[in-house]
Amino acid sequence: MAPKSLKLIYFNGRGRAELSRLILAVAGQKYEDVRIVGENWPAEKSKTPFGQLPVLEVDGQTFGQSLAIATYLAREFNLYGKTNLDGLKIDQVVQLCVDFQNSASKVFFEKDENKKAEGLKNLREVEVPKYLGFFEKLLKENGSGYFVGSSLTLAELYVYDLLFNFQQRSIVKLDDFHLLNTLYKKVDNQDKIKAYVSKRPFTEF
């Protein structure tokens, strides 16, 4: 049974809630997009399941953990493939995204400027080509222009969100990865994504 009401709670930024927002946009699903400003966070923190955001309220029940939330929404709104094997393929891409994101986050949050410069160099020259190569390989193997089947899933949306963020930071260039570049543009030009992105609040992250 589809949820009667959804409330997604996060800070006023894209961050770890944006994947879920993209899923909801593609699904055309109405929900309450609650954005907590920094000064109000200490008072709200104890109200969350694990002292962190995002939080999803489903018909009054509250849940945490960003990937659990995104996975639930993808399953609920038919963006998780048609079989368990499809789900495995999607999870494979999702976990690659997590690994890629984690490798970059270590660099972004490094406070020592010398170490950060070294980290950025390694990120651009080693990590980025490695992960983009993985994504390109998976797209080539599937052969449809998508990672799984022949339509949009959680996998494409996660990769799109990740690449959007990394391009904004001038970390990735997709010119040498034709299939990935084509997929990114395809998702970016999807009608509901395009409409959502054009209206979402501008935030740095």
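How are helix 4 and helix 5 oriented to each other? Helix 4 (84–108) and helix 5 (residues 113–142) are roughly antiparallel to each other, on a scale where angles under 35 degrees count as roughly parallel, over 145 as roughly antiparallel, 65 to 115 as roughly perpendicular and the rest as oblique.

## Before you start

This is a predicted model, in which local features need pLDDT of at least 70 and side-chain atom pairs count only at pLDDT 80 or more, while totals for chains, interfaces and linings use all residues. Residues are numbered from 1 along each chain as its sequence is written, and side-chain values use heavy atoms, with hydrogens and water left out.

Helices (H or I, at least four residues) and strands (E, at least two) are DSSP runs, numbered from the N terminus.

## Two annotated domains

UniProt, in an unreviewed entry, places "domain: GST N-terminal" at residues 4–81. That stretch is 33% helix and 24% strand, and its end C-alpha atoms are 23 Å apart. The same kind of record gives "domain: GST C-terminal", also from an unreviewed entry, for residues 83–205. Here the chain is 73% helix and 0% strand, with 34 Å between the end C-alpha atoms. UniProt positions are given in the numbering used here, feature names are shortened, and annotations may be inferred rather than shown by experiment.

## Around Trp41 and Pro54

Let's begin with Trp41, which lies in helix 2 (residues 41–45). Trp41 counts as buried because its relative accessibility is 16%; buried means under 20% relative accessible area, exposed over 50%, and partly exposed in between (1.4 Å probe, protein chains only). Leaving aside neighbours within four places in sequence, Trp41 is in contact (heavy atoms within 4.5 Å) with Phe11, Ile36, Thr48, Gly51, Gln52 and Leu53. Trp41 and Tyr10 are 31 residues apart in sequence, yet 9.7 Å apart in space, C-alpha to C-alpha.

Leu53 also takes part in a cis peptide bond, the one leading to Pro54, with omega near 10°. Pro54 sits in the loop between helix 2 and strand 3. Most residues other than glycine have a negative phi, and most peptide bonds are trans.

## Helix 3 and two positive phi values

Helix 3 (residues 66–76) has Ser66, Ile69, Ala70, Thr71, Leu73 and Ala74 as its buried residues. These pack against strand 1 (6–11), helix 1 (18–27), strand 3 (55–58), strand 4 (61–64) and helix 6.

After helix 3 comes Asn78, in the loop between helix 3 and helix 4. Its phi is near 60°, a positive value in a residue other than glycine, and Asn78 is exposed, with a relative accessible area of 69%. Asp59 has a positive phi too, near 50°. Asp59 belongs to the loop between strand 3 and strand 4 and is partly exposed, with a relative accessible area of 40%.

## Helices 4 and 5

Two packed helices are described by the angle between their axes and the distance between the axes. Axes are lines fitted to C-alpha atoms, for helices over the stretch in contact, and angles run from 0 to 180 degrees between N-to-C directions. For helix 4 and helix 5 the angle is about 170°, with the axes 9 Å apart. Residues making this contact include Val93, Leu96 and Phe100 of helix 4 and Leu132, Phe135 and Leu138 of helix 5. By class, the contact has 15 nonpolar, 3 polar and 3 charged residues, where Ala, Val, Leu, Ile, Met, Phe, Trp, Tyr, Cys and Pro count as nonpolar, Asp, Glu, Lys and Arg as charged, and the others, Gly among them, as polar.

Helix 5 also holds Pro129, which is partly exposed at a relative accessible area of 35%. Not counting residues up to four places away in sequence, Pro129 touches Leu123, Arg124 and Phe177.

## Helices 6 and 7, and the core

The axes of helix 6 (residues 154–168) and helix 7 (residues 178–188) come within 10 Å and cross at roughly 100°, so the two helices are roughly perpendicular to each other. Among the residues in contact are Leu157 and Val159 of helix 6 and Leu180 and Leu183 of helix 7.

Of the 63 residues in the largest nonpolar core, Leu132, Phe135, Phe147, Leu157 and Leu180 touch the most other members. A nonpolar core is a set of buried Ala, Val, Leu, Ile, Met, Phe, Trp, Tyr and Cys residues joined through side-chain atoms within 4.5 Å. Phe147 touches residues including Phe135, Val159, Leu180 and Leu183, not counting residues up to four places away in sequence.
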